[in-house]
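Visitor: I would like a close look at a single part of this model. Please pick one helix and follow its packing, partner by partner.

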Amino acid sequence: MITDYIWLVPGFPLLGAFINGVFGRWLPRAVVAVVACATVAGSFVVSVAAYLALARLPAAQQSHVSTLYTWIASGSFRADVSALVDPLSVFMMLVVSGVGFLIHVYSAGYMGHDPRFSRYFAFLNLFMFSMLLLVLADSFLTVFVAWELVGLCSYLLIGFWYRKRSAALAAKKAFIVNRVGDVGFALGIMLIFVSLGTLDIREVIERIGELDGGTITVISLLIFAGAMG
């Protein structure tokens, strides 16, 4: 089944981030670059395989959920770490991993003389993991966690040359603006749960019509505030 290997998509960049983050200082730059680029290329290959697998299925069967483990189970509330594999998420995986691979290849040359070469690619691989987890998330809670990881990686990459005042200030600005947007995002997620009793994205989409227009508008604006941030 397609869901049997879908966790390799975010897993490859996470492995690259670990290798370059922990061992990168002792590895030749060429090895660091190969590890970083190859892990993202692996995500793209698996994404292509997922696309081809979905394309062979009838439209009614093109949605699968792969649960890695149960994260939170408290009373009637349950939050799993799950991946939603459907045409939209597969398309976004292709975009993120495909464009991300090109960025990695370009960065291998652009950052070639930087003394913190391995750290940069550890951050960039972590960014790829966060983005891929974001597009695969099947619940708003997982989306929020991935969203925060994306924000963290943005901060680390924008301020990578932190000795430059302009880079440090830009990173600070990005961090503060993102946190303002996150407040709206978090409130929107809370309102979804209070109103519908679930954070499962598919279930929310199916049941959102049960709510009155005012509540739907408030939820939409709060979620949009996170995107604007």
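Guide: What follows is a walk around helix H4 and its neighbours in a predicted model.

Start with the partner that comes later in sequence. H4 covers residues 117-136, and H5 covers residues 140-158. Their axes lie 8 Å apart, at an angle of about 155°. Angles over 145 degrees count as roughly antiparallel, so H4 is roughly antiparallel to H5. The crossing of H4 past H5 is left-handed. On the H4 side, the contact includes Tyr 120, Phe 123, Leu 124, Phe 127, Ser 130 and Leu 134. H5 answers with residues including Thr 142, Val 143, Ala 146, Trp 147, Val 150 and Cys 153. By type, the residues of this contact are 17 nonpolar, three polar and no charged.

Now turn to helix H1, residues 8-23. The axes of H1 and H4 come within 8 Å and cross at roughly 160°. H1 is therefore roughly antiparallel to H4. Here too the crossing is left-handed, with H1 passing H4. H1 contributes Val 9, Pro 10, Pro 13, Leu 14, Gly 16, Ala 17, Asn 20 and Gly 21. From H4 come, among them, Ser 118, Phe 121, Ala 122, Asn 125, Met 128 and Leu 132. This contact divides into 13 nonpolar, five polar and no charged residues.

Three H4 residues deserve a second mention. Leu 126, Phe 129 and Leu 133 are listed in the contact with H5. Leu 126, Phe 129 and Leu 133 also appear in the contact with H1.

Next, the cores. The largest nonpolar core has 36 residues. H4 gives the largest share of this core, seven residues. Other elements that give two or more residues include helix H2 (29-55), strand E2 (77-85), helix H3 (87-110) and helix H6 (165-196). Ile 6, Val 9, Met 93 and Phe 140 have the most contacts inside the core. Val 9 is also part of the H1 contact with H4.

Met 93 leads back to H4. Leaving out residues up to four places away in sequence, Met 93 touches Ile 6, Val 9, Ser 47, Ala 50, Gly 98, Leu 132, Val 135 and Leu 136. Leu 132 and Leu 136 belong to the H4 side of the contact with H1.

A second, separate core has nine residues, including Val 32, Phe 117, Leu 124 and Phe 160. Leu 124 is a link worth checking on screen: this H4 residue also takes part in the contact with H5.

Key:
Residues are numbered from 1 along each chain as its sequence is written. This is a predicted model: local features need pLDDT of at least 70, side-chain atom pairs count only at pLDDT 80 or more; totals for chains, interfaces and linings use all residues. Side-chain values use heavy atoms; hydrogens and water are left out. Axes are lines fitted to C-alpha atoms, for helices over the stretch in contact, and angles run from 0 to 180 degrees between N-to-C directions. Helices (H or I, at least four residues) and strands (E, at least two) are DSSP runs, numbered from the N terminus. Angles under 35 degrees count as roughly parallel, over 145 as roughly antiparallel, 65 to 115 as roughly perpendicular and the rest as oblique. A crossing is left-handed if the near helix is turned anticlockwise from the far one by less than a right angle, and right-handed if clockwise. Contact means heavy atoms within 4.5 Å. Ala, Val, Leu, Ile, Met, Phe, Trp, Tyr, Cys and Pro count as nonpolar, Asp, Glu, Lys and Arg as charged, and the others, Gly among them, as polar. A nonpolar core is a set of buried Ala, Val, Leu, Ile, Met, Phe, Trp, Tyr and Cys residues joined through side-chain atoms within 4.5 Å. Buried means under 20% relative accessible area, exposed over 50%, partly exposed in between (1.4 Å probe, protein chains only).
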